[in-house]
Amino acid sequence: MRIQDAASVMKSNIEEVDRMSKTIESLANFSYYESNISLLECKPIDLAHLAQYLIEKIKVFAEKKSIGIEVKTEPIKILGDQAAIEEMYLNILKNSIRFTNPGGYIYVQVSSFKDQATISIRDTGIGIAPKDLPYVFEPFYKSTEIKIHNKTSAGLGLAIVKKIVERHNGLIQIESWPNKGTLISISLQMSF
Ligand SMILES: Nc1ncnc2c1ncn2[C@@H]1O[C@H](COP(=O)(O)OP(=O)(O)OP(=O)(O)O)[C@@H](O)[C@H]1O
Ligand SMILES: [Mg+2]
């Protein structure tokens, strides 16, 4: 075997190991939030502040794809598990960056109505076909197009998000329009 070929085999093996370890980590996370035995450490969290902090952290990935992020928030507190709520935000934001073409936008809004906090994350991405939409919260589900073009993802992000929202007694909804974009809305009980 030529040295170049050996290097290329090695590179693809490393990529495979990396993909597998990410899947195992996601699976461990999913089982953790799925099990009602695992305890959440709930304390007051400002949803708006956390959203702004996380967007600052991941903005670089959006910028690399020339995707703009617009944020509109008001200070809103909930009682939640900080690590879980971070994971929830990041999985949704990563999807929006992954599934939005260069030049697109992501709009993040954190607002309140009565005693409910609402987080909405909308993108102008590729959207999800109506036939796939009912299944996106199921573990390992990926839309047909993604299965063909994106072999690196596990299909666990939204399943984890749904479990986290449920563990916080919240509600999650998804709406999507192919070639126009996707909107995820989450409502959680506010804490005063
Ligand atoms: N913002 C979005 N725009 C378009 N399609 C989306 C979006 N979010 C999710 N999807 C679709 O839903 C599927 C499931 O999303 P999920 O986050 O669970 O998995 P993933 O992103 O493929 O993998 P992972 O999150 O485990 O890396 C995706 O594969 C994709 O087909
Ligand atoms: Mg994902």
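Two residues are in contact if their C-beta atoms, placed from the backbone, lie within 7 Å. That criterion underlies the packing described at several stops of this tour, which concerns a predicted model.

**The whole chain**

Begin with the entire protein in cartoon representation. Five helices and seven strands make up its secondary structure. Read from the N terminus, the elements follow the order α-β-α-β-β-α-β-β-α-α-β-β. The C-alpha trace extends over about 65 × 40 × 35 Å along its principal axes. The radius of gyration is 18 Å, which agrees with the value near 16 Å for a compact globule of 192 residues. Of the 192 residues, 31% are buried. Among contacts with a separation of 6 or more, 73% join residues 24 or more positions apart.

**Helix α5 and its surroundings**

Select α5, residues 157-167. This helix is mostly covered, with 10 of its 11 residues buried. Gly157, Leu158, Ala159, Ile160 and Val161 are among the buried residues. The buried set also includes residues with charged side chains, namely Lys162, Lys163 and Arg167. Which elements do the buried residues of α5 pack against? Display α1, α3, β6 (171-177) and β7 together with the helix, for these are the packing partners. Then move just past the helix to Asn169, which follows α5 and has a positive phi, near 55°.

**Ligand 1**

Next, select ligand 1 and the residues around it. The shell comprises 23 residues, and the closest are Phe99, Ser143, Ser153, Gly157 and Leu158. Two elements, α3 and α5, each give two or more residues to this shell. Coloured by class, the shell shows 10 nonpolar, 11 polar and two charged residues. Gly157 and Leu158, both among the closest residues to the ligand, also belong to the buried residues of α5.

**Helix α3**

Keep the ligand in view and select α3, residues 82-98. The end C-alpha atoms of this helix are 24 Å apart, and 17 residues at 1.5 Å a residue should span 24 Å, so the two values agree. Its buried residues include Ala84, Ile85, Met88, Tyr89, Ile92, Leu93 and Ile97. Asn91, Asn95 and Ser96 are likewise buried in this helix.

**The largest nonpolar core**

Now colour the largest nonpolar core, which holds 35 residues. Which of its residues touch the most other members? They are Leu47 and Met88. Two or more residues of the core come from each of α1 (3-34), α2 (47-64), α3, β4 (105-113), β5 (116-123), α5 and β7 (181-189). Helix α3 provides the largest share, seven residues. Centre the view on Leu47 and show Ile76, Ile78, Val110, Ala117 and Ile119; Leu47 touches these residues, leaving out those up to four places away in sequence.

**Arg122 in β5**

From the core, proceed to Arg122, which is in strand β5. Is Arg122 buried or partly exposed? It counts as partly exposed because it has 19 C-beta neighbours inside 10 Å, whereas a buried residue needs 20 or more. Apart from its neighbours within four places in sequence, Arg122 is in contact with Tyr107, Gly181 and Leu183. Add Ser176 to the selection: its C-alpha is 9.3 Å from that of Arg122, although the two residues are 54 residues apart in sequence.

**Arg19 in α1**

Select Arg19, located in helix α1. Arg19 counts as partly exposed because 14 C-beta neighbours lie inside 10 Å. Draw a distance from Arg19 to Ser185: the C-alpha atoms are 29 Å apart, and the two residues are separated by 166 residues in sequence.

**Two loop residues with positive phi**

Most residues other than glycine have a negative phi. The last two stops depart from that pattern.

- Ser66 is in the loop between α2 and β2 (68-73). Its phi is positive, about 55°, although it is not a glycine. Ser66 counts as exposed because it has 11 C-beta neighbours inside 10 Å.
- Phe140 is in the loop between β5 and α4 (144-149). Its phi is also positive, near 70°. With 13 other C-beta atoms within 10 Å, Phe140 is partly exposed.

Conventions. Residues are numbered from 1 along each chain as its sequence is written. Chains are lettered from A and ligands numbered from 1 in the order in which they are written. This is a predicted model: local features need pLDDT of at least 70, side-chain atom pairs count only at pLDDT 80 or more; totals for chains, interfaces and linings use all residues. A nonpolar core is a set of buried Ala, Val, Leu, Ile, Met, Phe, Trp, Tyr and Cys residues joined through C-beta atoms within 7 Å. A residue is buried if 20 or more other C-beta atoms lie within 10 Å of its own, exposed if 12 or fewer, and partly exposed in between; C-beta atoms are placed from the backbone. Helices (H or I, at least four residues) and strands (E, at least two) are DSSP runs, numbered from the N terminus. The radius of gyration is taken over C-alpha atoms; the globule rule is 2.2 Å times the number of residues to the power 0.38. A residue is near a molecule or strand if its C-beta atom, placed from the backbone, lies within 6 Å of it. The expected span of a helix is 1.5 Å times one less than its number of residues.
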